[in-house]
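Subject: The structure for you to look through

Dear colleague,

I am handing over the structure we spoke about, so that you can open it and follow along while you read. My notes on it come after the display.

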Amino acid sequence: MPELPEVETIVRDLRQSGIAGRTIVGASIHWHRTLAEPAADQFVQRIAGKRILNVTRRAKYIVINLTADLTLLVHLRMTGRLYFAPKDFPLDPYERAVLHLDGGQDLRFRDTRKFGRWYFLEDTTPVFSRLGPEPLAEDFSAALFAARLAKHNRQIKPLLLDQSVIAGLGNIYADEALWLAKVHPTRLSGSLTVRQVFHLYEAIVKVLTGGIEKRGTSLGETSVNYSSVTGSYGENQDWLKVFQRTGEPCARCGTKIKRLVVAQRSSHICPKCQRN
DNA sequence: ATCGCAGCCTGTACGC
DNA sequence: TGCGTACAGGCTGCGA
């Protein structure tokens, strides 16, 4: 679910909420595996009393910088959601972890499928060193993108989903970028022309920027759906050109959008615009 | 190096 | 209505 634009929206909303400067007075873990590290009891002990300095994003990680040089990373995976609630508000059955903030407010983590992970770290290097460049960073150029691709020769769709090659794309935005650049998802990366690589570079930047402008993509029924910390949904689903639009006409040529499976995941393409 | 698959989890949609 | 099956936006680890 949440990809770069959704995580970015959440991070901006967290900042907007004035979370910087708040003190974490305690924490509760209701599903111990949510804590990737350290163990839940150590986490609860050690995070109490730390103050939140600021909130940023790296790839699909929400980065909560704390005093004492500590960092809390939150990865939402498929169904994770962060939201605020008064501390005495009834617990949702899918609540996995909670930060108790000063002033009687909780920052709660609800995660139906339990795939989401929290990392409470002194050093984020082991996690971040495995990530490719940020596609919306100023220094992310077409040349850099081409250089990343040149290290591999594999199907372009799974390559785009590989977070060590380029960070932040997921199934939705990868499909949208490939449609925009008119590239078939199974094309081998090494067979792309310089021109196609450039178009793909531009398409990636465009779909991610557009996704942020629309505050992310909210698809599916509401219990599993993405929403930001305020509970608000995104609107990018209304602007998708191919994702989950099987059978609908291509916005460019009118051909029916087709669904296929690439690297064990669903892909959506215009069979006329995107030829292998 | 790359690919295919199983696994982590739960809920929903759909066909019979 | 009830049941089995397929599927879901992410990511990791394994063997081939």
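What follows is a walk through the chain as a whole, then its sheets, the surroundings of the DNA strands, and two single residues.

Please keep in mind throughout that this is a predicted model.

**The chain as a whole**

Chain A contains seven helices and eleven strands. Its radius of gyration is 20 Å, close to the 19 Å that the globule rule gives for 276 residues, so chain A is as compact as a globular protein of that length. If you take the principal axes as your directions, the C-alpha atoms of chain A fill a box of roughly 55 × 35 × 30 Å. Of the 276 residues in chain A, 38% are buried. When you count the contacts in chain A with a separation of 6 or more, 60% of them come from residues 24 or more positions apart.

**The five-stranded sheet**

One open sheet is built from five strands in the order β2-β9-β5-β4-β3, and its pairing is mixed. At its edges you will find β2 (35-37) and β3 (52-58), each of which pairs on one side only. From one strand to the next, the twist averages 25°.

Within this sheet, β4 (residues 61-66) and β5 (residues 70-75) run antiparallel and are joined by six bridges, and you can pick out one partnership by finding Leu 66, whose bridge partner in β5 is Leu 70. Helix α1 (residues 4-16) packs on the sheet, where it touches β3 and β4, and the direction of α1 makes about 165° with that of β3.

The strands β3 and β4 are also antiparallel, again with six bridges between them, and here Arg 58 stands opposite Tyr 61 in β4. These two strands form a hairpin with two residues between them, and Ala 59 in the turn has a positive phi of about 55°.

**The four-stranded sheet**

There is also an open sheet of four strands, in the order β1-β7-β8-β6, with antiparallel pairing. Its edges are β1 (24-29) and β6 (80-86), each with a single partner strand, so one side of each is left without a neighbour in the sheet. Neighbouring strands of this sheet are turned by 20° against each other on average, with direction ignored. The antiparallel strands β6 and β8 (residues 105-111) are joined by seven bridges, and Pro 86 stands opposite Gln 105 in β8.

**Around the DNA strands**

Which residues come nearest to DNA strand B? Of the 14 residues around that strand, they are Arg 113, Lys 114, His 152, Arg 154 and Gln 155. The residues of the surface near DNA strand B divide into three nonpolar, six polar and five charged.

Around DNA strand C there are 19 residues, of which Met 1, Gly 170, Leu 219, Gly 220 and Ser 266 come nearest. The elements that give two or more residues to this surface are α6 (171-181) and β11 (265-269). By kind, the residues of the surface near DNA strand C divide into seven nonpolar, eight polar and four charged.

**Two residues to look at**

The residue Ser 267 lies in strand β11. Is Ser 267 buried or exposed? A residue is called buried if 20 or more other C-beta atoms lie within 10 Å of its own, and Ser 267, with 23 C-beta neighbours inside 10 Å, therefore counts as buried. Leaving aside its neighbours within four places in sequence, Ser 267 is in contact with Lys 157, Asp 175, Pro 185, Leu 260, Val 261 and Val 262. From Ser 267 to Thr 186 the C-alpha to C-alpha distance is 9.8 Å, although 81 residues separate them in sequence.

The other residue is Thr 217, which lies in the loop between α7 (194-213) and β10 (258-262). Thr 217 is buried, because 27 other C-beta atoms lie within 10 Å. Beyond the neighbours within four places in sequence, the contacts of Thr 217 include Glu 6, Ile 172, Gly 211 and Tyr 226. Thr 217 and Glu 134, which are 83 residues apart in sequence, lie 19 Å apart in space, C-alpha to C-alpha.

With best wishes

How values were computed: Residues are numbered from 1 along each chain as its sequence is written. Chains are lettered from A and ligands numbered from 1 in the order in which they are written. This is a predicted model: local features need pLDDT of at least 70, side-chain atom pairs count only at pLDDT 80 or more; totals for chains, interfaces and linings use all residues. A residue is near a molecule or strand if its C-beta atom, placed from the backbone, lies within 6 Å of it. Ala, Val, Leu, Ile, Met, Phe, Trp, Tyr, Cys and Pro count as nonpolar, Asp, Glu, Lys and Arg as charged, and the others, Gly among them, as polar. Two strands pair if DSSP finds at least two bridges between them. Axes are lines fitted to C-alpha atoms, for helices over the stretch in contact, and angles run from 0 to 180 degrees between N-to-C directions. Two residues are in contact if their C-beta atoms, placed from the backbone, lie within 7 Å. The radius of gyration is taken over C-alpha atoms; the globule rule is 2.2 Å times the number of residues to the power 0.38. A residue is buried if 20 or more other C-beta atoms lie within 10 Å of its own, exposed if 12 or fewer, and partly exposed in between; C-beta atoms are placed from the backbone.
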